[in-house]
Amino acid sequence: MDEVGIPDPEAAIRAYPFQLSGGQRQRVMIAMALALEPDILIADEPTTALDVTTQAQILTLIEDLRRKRGMAVIFITHDFGVVADIADRVIVMKKGEIVEAGPAQEVLLKPQHPYTRALIDAIPRLAQTDAPEQVERTPLLRVEGLQKTFSTGSGTLFGKRRVVKAVQDVSFELYAGETIGIVGESGSGKSTVGRCLVRLLDPDGGRVLMGDVDIAHMSGADLRAQRRKLQMIFQDPFSSLNPRARVSRILTEGLIAYGTPDKGAKARARELLELVGLDESAMKRFPHEFSGGQRQRIGIARALALEPSIIIADEAVSALDVSIQAQVLDLLAELKSRLHLSMLFITHDLRVAARICDRIIVMQKGRIVEAGPVSKVLHDPDTEYTRSLLDAIPGQDYEQALAAAD
Ligand SMILES: Nc1ncnc2c1ncn2[C@@H]1O[C@H](COP(=O)(O)OP(=O)(O)O)[C@@H](O)[C@H]1O
Ligand SMILES: [Mg+2]
């Protein structure tokens, strides 16, 4: 436990996994793998679920242990930035077969196989911050002093009562036609902001103004009427789509609940499928019959069913690999301009934020610590915290090498 850098190993050894943070749990997994002093460590996406700063720490840990113990490491990942930072040699797999293998430098900078090239082209680039489109200056949504505190623990079984100030005094405006990114480490309060806005959670304080109406403390029919204008897309469409419902039901139930007759709802569902690039035959199928990218398209179609003006996407592409991620981001950008949507794009991945956002809000421990145009925040940040998030992004030397090769 000491070797993998867990603070206070004496106490940690008696802890249950859920009492540890994501990064600490990953360290325990590494300690378990090291217990038998292996010659080879196989790490399967060990940092995929972690935010960039924690990820950087785990990568450094694996590298230190490798050097100290003279182990070999097989590191399985879909993240090319991570590959560029840690690998000596790279093997690229497609559909169960190796399509390319060689020294990291060669595979990453001079890929031979079209599949490798397509993957590398799909990596969102930090430097690729397009000039924001001219947006109208009408605030569509005004968030003022939003607050949310969680109290957990009953004071019985595991003792301590825990009070988490998840969101503290968060204020911003979302203009018509713009995309705001909310970034920050895990636990910084990003999802809580999103869930308060769509009223999956009740905020403790503050106002959420759509036009002149405050939806933060609305209820009943008034809330229902406003809520349809604000729709959410989630990270994991698998758990947010009812596995026992066919796509036709998933796409029509919202419409029917808001009074659209069955037939009209079905017709609208077919329109929605076309809009997100899926075939009409999808109507009769179940969520598990689709790939991850296709399921996310269904999640997007469902969010669009009630013709919202604002989409809140919470880690909507975080579970997808880079090429599928690029397709879904392109789809979102296209839909946004076609349907005149505004978007709140919550992500822990600053590369993804760079690709799709006009402005960025950086959160830390429930508060906004920095906000501004994407090019300013990502290339000339005002705070140490934003700088540390940027520095922790893997593969930056590689990105520069790629840019130089373009
Ligand atoms: N339902 C909940 N009950 C108790 N604590 C919660 C709940 N949801 C979130 N939290 C806590 O609130 C903080 C912010 O969480 P979250 O908004 O999910 O962060 P992020 O999306 O940035 O990772 C974290 O400390 C988290 O543990
Ligand atoms: Mg979250």
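The following paragraphs describe the surroundings of ligand 1, the nonpolar cores and a number of individual residues in a predicted model.

The shell around ligand 1 is made up of F150, T152, V164, A166, E185, S186, G187, S188, G189, K190, S191 and T192. When these residues are sorted by class, three are nonpolar, seven are polar and two are charged. Oxygen atoms of the ligand come within polar-contact range of several protein atoms, and among these pairs is one in which a backbone N or O atom of G187 lies 2.6 Å from an oxygen atom of ligand 1. A backbone N or O atom of S188 is likewise placed 3.1 Å from an oxygen atom of ligand 1, while an N or O atom in the side chain of T192 is found 2.5 Å from an oxygen atom of this ligand. Ligand 1 exposes 560 Å² when it is taken alone, and 65% of that area is buried by the protein. The elements that contribute two or more residues to the shell are strand β5 (139-152), strand β6 (162-175) and helix α7 (190-197), and α7 provides the largest share, namely three residues.

Two residues outside the centre of this description can be linked to the shell through their contacts. K148 belongs to strand β5, and with a relative accessibility of 10% it counts as buried, because the limit for a buried residue is set at under 20%. The side chain of K148 reaches the backbone oxygen of D202 at a distance of 2.8 Å. When neighbours within four places in sequence are left aside, K148 is in contact with V164, K165, A166, V167, T192, C196, D202, P203 and D204, and V164, A166 and T192 also appear in the list of residues surrounding ligand 1. T53, which lies in helix α3, is also buried, with a relative accessible area of 16%. A polar contact of 2.6 Å joins the side chain of T53 to the side chain of E185, and E185 is one of the residues around ligand 1. Beyond four places in sequence, T53 touches E185, S388, L389 and A392.

Helix α3, which spans residues 52-69, also holds T60. T60 has a relative accessibility of 44% and is therefore classed as partly exposed, a term that covers values between the limits of 20% and 50%. The C-alpha atom of T60 is separated by 9.0 Å from that of I86, although the two residues stand 26 residues apart along the chain.

Turning to the interior of the protein, the largest nonpolar core contains 56 residues, and those with the most contacts inside it are I233, I300, L304, L332, F345, I360 and L378. For I233, the contacts that remain once neighbours within four places in sequence are left aside are Q296, I300, A303, I311, I312, A313, D314, A316 and L332. Another core lies apart from this one and has 29 residues, among them L141, V198, I310 and M363.

In helix α10 (residues 247-257), the residues V247, S248, I250, L251, T252 and L255 are buried. The cover over these buried residues includes helix α11 (262-275) and helix α12 (292-304). Just after α10, G259 adopts a positive phi of about 100°. A further buried residue is V374, which has a relative accessible area of 2% and is located in helix α15 (residues 374-379). The C-alpha atoms of V374 and R355 are separated by 9.3 Å, with their positions 19 residues apart along the chain.

Backbone angles deserve a separate remark. Most residues other than glycine have a negative phi. D169, in strand β6, has a phi near 50°, which is a positive value in a residue other than glycine. The relative accessible area of D169 is 47%, so that this residue is partly exposed. H340 also has a positive phi, of about 50°, although it is not a glycine. H340 is placed in the loop between helix α13 (322-339) and strand β12 (342-346), and at 65% relative accessibility it counts as exposed, because the value is over the 50% limit.

Notes:
Residues are numbered from 1 along each chain as its sequence is written. Chains are lettered from A and ligands numbered from 1 in the order in which they are written. This is a predicted model: local features need pLDDT of at least 70, side-chain atom pairs count only at pLDDT 80 or more; totals for chains, interfaces and linings use all residues. Side-chain values use heavy atoms; hydrogens and water are left out. A residue is near a molecule or strand if one of its heavy atoms lies within 4 Å of it. A polar contact is a pair of N or O atoms within 3.5 Å; within protein, one must be able to donate a hydrogen and the other to accept it, and residues adjacent in sequence count only if both atoms are side-chain atoms. Accessible areas come from the Shrake-Rupley method with a 1.4 Å probe; for residues, only the protein chains shown count as cover. Helices (H or I, at least four residues) and strands (E, at least two) are DSSP runs, numbered from the N terminus. Ala, Val, Leu, Ile, Met, Phe, Trp, Tyr, Cys and Pro count as nonpolar, Asp, Glu, Lys and Arg as charged, and the others, Gly among them, as polar. Buried means under 20% relative accessible area, exposed over 50%, partly exposed in between (1.4 Å probe, protein chains only). A nonpolar core is a set of buried Ala, Val, Leu, Ile, Met, Phe, Trp, Tyr and Cys residues joined through side-chain atoms within 4.5 Å. Contact means heavy atoms within 4.5 Å.
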